Amino acid sequence: RTALGDRAPTAIVFPNDMQDVAYEAPARKHGTVHSGVGFAYPKVVPYEADLRRAAEVLNAGEKVAILVGAGALQATDEVIAAADRLQAGAAKALLGKAALPDDLAWVTGSIGLLGTEPSWDLMTGCDTLLMIGSAFPYSEFLPKEGQARGVQIDIQPTMLGLRYPMEVNLTGDSAETLRALLPLLDQKSDRSWRDRIETNVASWWKTLEDRAMVAAHPVNPQRVVWELSPRVPERAIVTSDSGSCANWYARDLKVRRGMMCSLSGGLASMGAAVPYAIAGKFAHPDRPVIALVGDGAMQMNNMAELITVAKYHERWANRTFVVCVFNNQDLNQVTWEQRVMQGDPRFVASQSIPDVPYHRFAELIGLRGIFVDDPERLGAAWDEALASPVPVVLEVKTDPEVPPLPPHITFDQAKSFASALWKGDPEQSHMIADTARQVLSAVLPSGGDKT
């Protein structure tokens, strides 16, 4: 009775030399917890009157901006239809990166500190904001209060009106709500706003290419992702860790239809890229998977996660699994935050990290390792890694002095950066030669050299 607890046998019989144990169900107790199998999401759509109020706001707008987040990942076609109806541009929160493909000329890319100039211009120039499935928290990158009328769609009522004073809040599934809203939206004929957006987007992609091709010591980290972008296999899953690599993931990676992307967007915690990639591979073993990781996060826990990859990779239908490590021996995002936000020079004691041969560690556990310290070899290295029949660690020796610039640099931030130089940053000569130009040009009256 001790071993079986409440399910101890109450009668034992032995017919035909076979032992049968008859159990009596225990009495039902107060406070028990039960579970069922299966869950189906309900269809959640706002009332008709609320949809009409939202349509009135959107139809009245002349410069409509859309912001999509993770809640719009399953509403790509509906968002595109609404944007075309409203002649709007669309920015993407990081967790909504795969909600819209970047080959659409009016998609401005990411928003926020890791965002793009076109997204900044979109939000500062609009007169109407439509937010879909996003909890984007940085209100300073949204329109100024009173500048724009607002409509928000979210399945979670607690998210409505939280980031911006919305005029109409719609509780509902993004795709279902947009389908119900679309017949109420007028087709706008004036393309001047969208033309402006498309011009900004085209110019921005050229700026990113120019920045990626700037010489560095030894490899420009922007170029790592720029060279990957056209090579990403169809239906690939791409994950990113937190840190400066997330900047290049956010800006330089062009997402296509069918791709999936993720990172630690809510917590911005280090160490997520390889665990997320492994989870993606187990959930979708037929999809190629690529993880972008900084060396700080790699040392913290991602190296250990490679052992999991080595153990299970033979089970995967598609063997393409690439971990790209940005080895710059620096906790780079924090270094640049200290320089630009606080005016402090790089503090070597906390920021410098050991140089580890990550590609050789991969080889030790039966994976493939590739090392690149020449930018001209990047393209071929990506081709080799993506064609490998076994998982690959692609280690790139990148330059820590390439700045992860925010989309809009204030004069105070430029002053802080200059202050860091004045105080004697350990990499002062390097930055003056290769980096200060990018930071300071953003606030020059002439607009400066955007590269």
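**Salt bridges and the buried face of helix H13**

In this predicted model, aspartate 50 forms a salt bridge with arginine 53, the closest N and O atoms being 3.2 Å apart, where a salt bridge is a side-chain nitrogen of Lys or Arg within 4 Å of a carboxyl oxygen of Asp or Glu. Both residues lie in helix H1 (residues 48-60), 3 residues apart, about one turn of the helix; helices (H or I, at least four residues) and strands (E, at least two) are DSSP runs, numbered from the N terminus. Aspartate 50 is partly exposed, with a relative accessible area of 23%, and arginine 53 is likewise partly exposed at 39%, given that buried means under 20% relative accessible area, exposed over 50%, and partly exposed in between (1.4 Å probe, protein chains only).

Residues are numbered from 1 along each chain as its sequence is written, and side-chain values use heavy atoms, with hydrogens and water left out. Because the model is predicted, local features need pLDDT of at least 70 and side-chain atom pairs count only at pLDDT 80 or more, whereas totals for chains, interfaces and linings use all residues.

A search of the whole structure finds 19 salt bridges. One of the pairs joins glutamate 78 to arginine 179, with the closest N and O atoms 2.9 Å apart. This pair links distant parts of the chain, since glutamate 78 belongs to helix H2 (residues 76-86) and arginine 179 to helix H4 (residues 174-181), 101 residues apart. Glutamate 78 is buried, with a relative accessible area of 12%, while arginine 179, at 42%, counts as partly exposed.

Within helix H5 (residues 192-212), aspartate 210 and lysine 206 lie 4 residues apart, about one turn of the helix, and their side chains meet in a salt bridge (2.7 Å, N to O). At 26% and 45% relative accessibility, respectively, aspartate 210 and lysine 206 both count as partly exposed. Elsewhere, salt bridges that share partners join Arg223, Glu227, Arg231, Glu376 and Asp383 into one network.

In helix H13 (residues 378-387), Leu378, Gly379, Ala381, Trp382, Ala385 and Leu386 are buried. These residues cover an arc of only 160° around the axis, which puts them on the same side of H13, the arc being that of the directions from the helix axis to the C-beta atoms. On the other side of H13, Ala380 and Ala387 are exposed. The elements that cover the buried residues of H13, by contact (heavy atoms within 4.5 Å), include helix H6 (221-228) together with strands S11 (289-294), S12 (321-327), S13 (368-372) and S14 (392-397).
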